[in-house]
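Student: I'd like a close look at one part of this model, please: how its strands are arranged and what lies against them. Take your time, and connect it to the rest of the protein where you can.

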Amino acid sequence: MEGSRPQVYISRTESFSACHRLHSNVLSEEDNKKLFGKCNNPNGHGHNYKVEVIVRGSVDPVNGMVMNLVTLKDYMDQRIMQVLDHKNIDKDVLYFKNIVSTAENIVVFIWKQLEEVIPKDLLYEVKLHETDKNVVYYRGEMFKNG
Ligand SMILES: Nc1nc2c(c(=O)[nH]1)N=C([C@H](O)[C@H](O)COP(=O)(O)OP(=O)(O)OP(=O)(O)O)CN2
Ligand SMILES: [Zn+2]
């Protein structure tokens with residue numbers, strides 16, 4: 001079609017290691033233990049997280065790219081790796097002072113980190129593998145009453 005360009009999705013994946021403890025400051029010690037079980041261990045536990053960032057856009061007819069993947073690599077290094085790799089998520093990252101460091105909350109945090117550097121219409125999805133079996137996704141969507 002005249003004037004239209006292919007819309008393509010590109011992604012880059014990085015891995016980071018971090019530790020955390022699932023613990024809610026608004027629940028009692030007993031309720032935390034009951035709710036989070038082994039993940040509430042007071043000394044924490046670690047994960048080798050895998051994070052995939054997907055960017056969607058039209059292919060620039062001049063440079064052939066949706067976005068330079070080297071630029072995406074730099075953004076992921078600055079906004080994800082330097083902040084989370086080899087960190088205690090609950091203690092080293094201020095955002096999690098009163099927010100439980102579930103994979104859901106971590107993926108939203110990563111989105112917020114990236115939306116400060118990647119234009120909203122380009123950033124499409126952040127996918128976080130907490131373990132090989134547990135994966136969460138976020139696309140910047142909000143529930144109206146939540
Ligand atoms: N909704 C969520 N539930 C749980 C989260 C989370 O982030 N969101 N996190 C945890 C634990 O931190 C941990 O990630 C899960 O541990 P576990 O189930 O043991 O992980 P595996 O699936 O890899 O373990 P297997 O024993 O191999 O099945 C808990 N819940
Ligand atoms: Zn965990």
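**The sheet and its surroundings**

Tutor: Let's start with S1 and S2, which run antiparallel and are joined by 14 bridges. One pair to find on your screen is Ser15, which stands opposite Lys50 in S2. Please keep in mind throughout that this is a predicted model.

From S2 we can step across to S4. These two strands are antiparallel as well, and 6 bridges join them. Here Val55 faces Leu123 in S4, while the neighbouring pair to look for is Ile54 with Glu125, again in S4.

Now put the strands together. The sheet is open and has 5 strands in the order S3-S1-S2-S4-S5, with mixed pairing. Its edges are strand S3 (87-88) and strand S5 (135-138), each of which pairs on one side only. At the S5 edge, 4 bridges connect S4 and S5 in the antiparallel sense. These two strands form a hairpin, with 5 residues leading from S4 to S5. To trace the pairing, look for His129 opposite Val135 in S5, and for Lys127, whose bridge partner in S5 is Tyr137.

Two helices belong in this picture. H2 packs on the sheet and touches strand S1 (7-20), S2 and S3, with its direction about 20° from that of S1. H4 also packs on the sheet, but its contacts are with S2, S4 and S5, and its direction makes about 145° with that of S4. S2 is thus touched by H2 and by H4.

What do these elements share? The largest nonpolar core contains 22 residues, and those with the most contacts inside it are Val51, Val53, Val55, Ile110, Leu114, Val126 and Leu128. At least two residues of this core come from each of strand S2 (45-58), helix H2 (69-84), helix H4 (103-115) and strand S4 (123-129). Val55, which we met opposite Leu123, is therefore a familiar name on that list.

Leu128 is a good residue to centre on. Beyond residues up to four places away in sequence, Leu128 touches Tyr49, Val51, Ala103, Ile106, Val107, Ile110, Val135 and Val136. One of these, Val135, is the residue opposite His129.

Next, look at Met76, which is in helix H2. Is Met76 buried or exposed? Met76 has 23 other C-beta atoms within 10 Å, and because the cut-off is 20 or more, Met76 counts as buried. Setting aside neighbours within four places in sequence, Met76 contacts Arg12, Glu14, Val53 and Met81. Val53 is among the residues with the most contacts in the core. For a sense of distance, the C-alpha atoms of Met76 and Gly37 are 32 Å apart, although 39 residues separate them along the chain.

For a contrast, follow the chain to His86, in the loop between H2 and S3. His86 counts as exposed because there are 11 C-beta neighbours inside 10 Å, and 12 or fewer is the cut-off. His86 also has a positive phi of about 60°, although it is not a glycine.

There is a ligand to place as well. Around ligand 1 you will find Leu22, Cys39, Thr102, Ala103, Glu104, Glu130, Thr131, Lys133 and Asn134. By class, that shell holds 3 nonpolar, 3 polar and 3 charged residues. Ala103, listed in this shell, is one of the residues that Leu128 touches.

Finally, step back to the whole protein. There are 4 helices and 5 strands, running β-α-β-α-β-α-α-β-β from the N terminus on. Along its principal axes, the C-alpha trace spans about 65 × 35 × 25 Å. Of the 146 residues, 18% count as buried. Among contacts with a separation of 6 or more, 67% are between residues 24 or more positions apart.

Technical notes
Residues are numbered from 1 along each chain as its sequence is written. Chains are lettered from A and ligands numbered from 1 in the order in which they are written. This is a predicted model: local features need pLDDT of at least 70, side-chain atom pairs count only at pLDDT 80 or more; totals for chains, interfaces and linings use all residues. A residue is near a molecule or strand if its C-beta atom, placed from the backbone, lies within 6 Å of it. Ala, Val, Leu, Ile, Met, Phe, Trp, Tyr, Cys and Pro count as nonpolar, Asp, Glu, Lys and Arg as charged, and the others, Gly among them, as polar. A nonpolar core is a set of buried Ala, Val, Leu, Ile, Met, Phe, Trp, Tyr and Cys residues joined through C-beta atoms within 7 Å. Two residues are in contact if their C-beta atoms, placed from the backbone, lie within 7 Å. Two strands pair if DSSP finds at least two bridges between them. Axes are lines fitted to C-alpha atoms, for helices over the stretch in contact, and angles run from 0 to 180 degrees between N-to-C directions.
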